Amino acid sequence: MSEQADQLMSKEARILRAMRKTLTGIIKDTATEPGMKHPLSGDTIEDIRQCLGLIAAREQELLQEAGVENNMRPKFIDEPDADASTVVPISSITRNKKPKS
């Protein structure tokens, strides 16, 4: 990819990041207490959701085009690695006998 194309993709990534940050800021600033009427209409809230979904999808496309793996997922400290496998010895496998009725 040419340097000019890299600059355009970088600019697009910055625009997407700014749009995502702005939309999430609007969401935070207009958040209401439970039970109160939200100042934004239901259609506007759905439009914001759709925009954030499109932004996320395009950011994923840009990462894939750049050859960057995005495997950042939240996980708990005690959660086992997805790549780690667990060996279960066959001798530890037993059959459950049905109780006699």
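These legends accompany close-up views of a predicted model.

**View 1. The whole chain holds two helices and zero strands.**
The protein has 101 residues, and buried residues make up 7% of them. Its exposed area is about 9,600 Å². Carbon and sulfur atoms supply 56% of that area. Consider the contacts with a separation of 6 or more: residues 24 or more positions apart account for 57% of them. Helix α1 covers residues 3–29. Helix α2 covers residues 42–65.

**View 2. Helix α2 has the span expected from its residue count.**
The helix runs over 24 residues. At 1.5 Å a residue, the expected span is 34 Å. The end C-alpha atoms lie 35 Å apart, so the two values agree. Which residues of α2 are buried? They are Ile-48, Ile-55 and Leu-62. An α-helix has 3.6 residues a turn, so residues three or four places apart point the same way. Just after α2, Gly-67 adopts a positive phi of about 75°.

**View 3. Five residues make up the largest nonpolar core.**
The members are Leu-16, Leu-23, Ile-48, Ile-55 and Leu-62. Both α1 and α2 contribute, each with at least two residues. The largest share, three residues, belongs to α2. The buried residues of α2, namely Ile-48, Ile-55 and Leu-62, also appear in the list of core members.

**View 4. Leu-23 of helix α1 touches Ile-48, Cys-51, Leu-52 and Ile-55.**
Is Leu-23 buried or exposed? Its relative accessibility is 16%, so Leu-23 counts as buried, the cut-off being under 20%. The four contacts leave out residues up to four places away in sequence. Two of these partners, Ile-48 and Ile-55, are listed with Leu-23 in the largest nonpolar core. Arg-49 gives a backbone reference for this view: its C-alpha atom is 9.2 Å from that of Leu-23. Leu-23 and Arg-49 are 26 residues apart along the chain.

**View 5. A salt bridge joins Glu-59 and Arg-20.**
The closest N and O atoms are 3.0 Å apart. Glu-59 lies in helix α2 and Arg-20 in helix α1, so the pair ties together parts that are 39 residues apart in sequence. Arg-20 is partly exposed, at a relative accessible area of 33%. Side chains of opposite charge can pair when their charged atoms come close. Across the model, the count of salt bridges comes to five.

**View 6. Salt bridges link Glu-12, Arg-58, Glu-61 and Glu-65 in a network.**
Arg-58 pairs with Glu-61, the closest N and O atoms being 2.9 Å apart. These two residues sit three places apart in helix α2, which means a separation of about one helical turn. Arg-58 also meets Glu-65 in a salt bridge, at 3.6 Å from N to O. How exposed are the members? Arg-58 has a relative accessibility of 22% and counts as partly exposed. Glu-61 is partly exposed at 38%. Glu-65 is partly exposed at 45%.

**View 7. Glu-12 of helix α1 is in contact with Arg-58 and Leu-62.**
These contacts leave aside neighbours of Glu-12 within four places in sequence. Glu-12 and Arg-58 are 46 residues apart along the chain. Their C-alpha atoms are separated by 9.5 Å. Glu-12 counts as partly exposed, with a relative accessibility of 26%. The other partner, Leu-62, is one of the buried residues of α2. Leu-62 is also a member of the largest nonpolar core. Glu-12 therefore contacts both Arg-58 and Leu-62, where contact means heavy atoms within 4.5 Å.

**View 8. Val-88, Ile-90 and Ile-93 form a nonpolar patch on the surface.**
Together the three residues have about 340 Å² of accessible area. Ile-93 lies in the segment after α2. Where does Ile-93 fall on the accessibility scale? Its relative accessible area is 58%, so Ile-93 counts as exposed, the cut-off being over 50%.

Conventions: Residues numbered from 1 in each chain as written. Predicted model: local features only at pLDDT ≥ 70, side-chain atom pairs only at ≥ 80, totals over all residues. Heavy atoms only, no water. Helix = DSSP H or I, 4+ residues; strand = E, 2+ residues; numbered from the N terminus. Expected span 1.5 Å × (residues − 1). Buried < 20%, exposed > 50% of the residue type's maximum accessible area, 1.4 Å probe, protein only. Salt bridge = Lys/Arg side-chain N within 4 Å of Asp/Glu carboxyl O. Areas by Shrake-Rupley, 256 points an atom, 1.4 Å probe, with all protein chains shown as cover. Core = buried A, V, L, I, M, F, W, Y, C linked by side-chain atoms within 4.5 Å. Patch = residues over 30% accessible without salt bridge, like charges linked within 9 Å, V, L, I, M, F, W, Y side chains within 5 Å.
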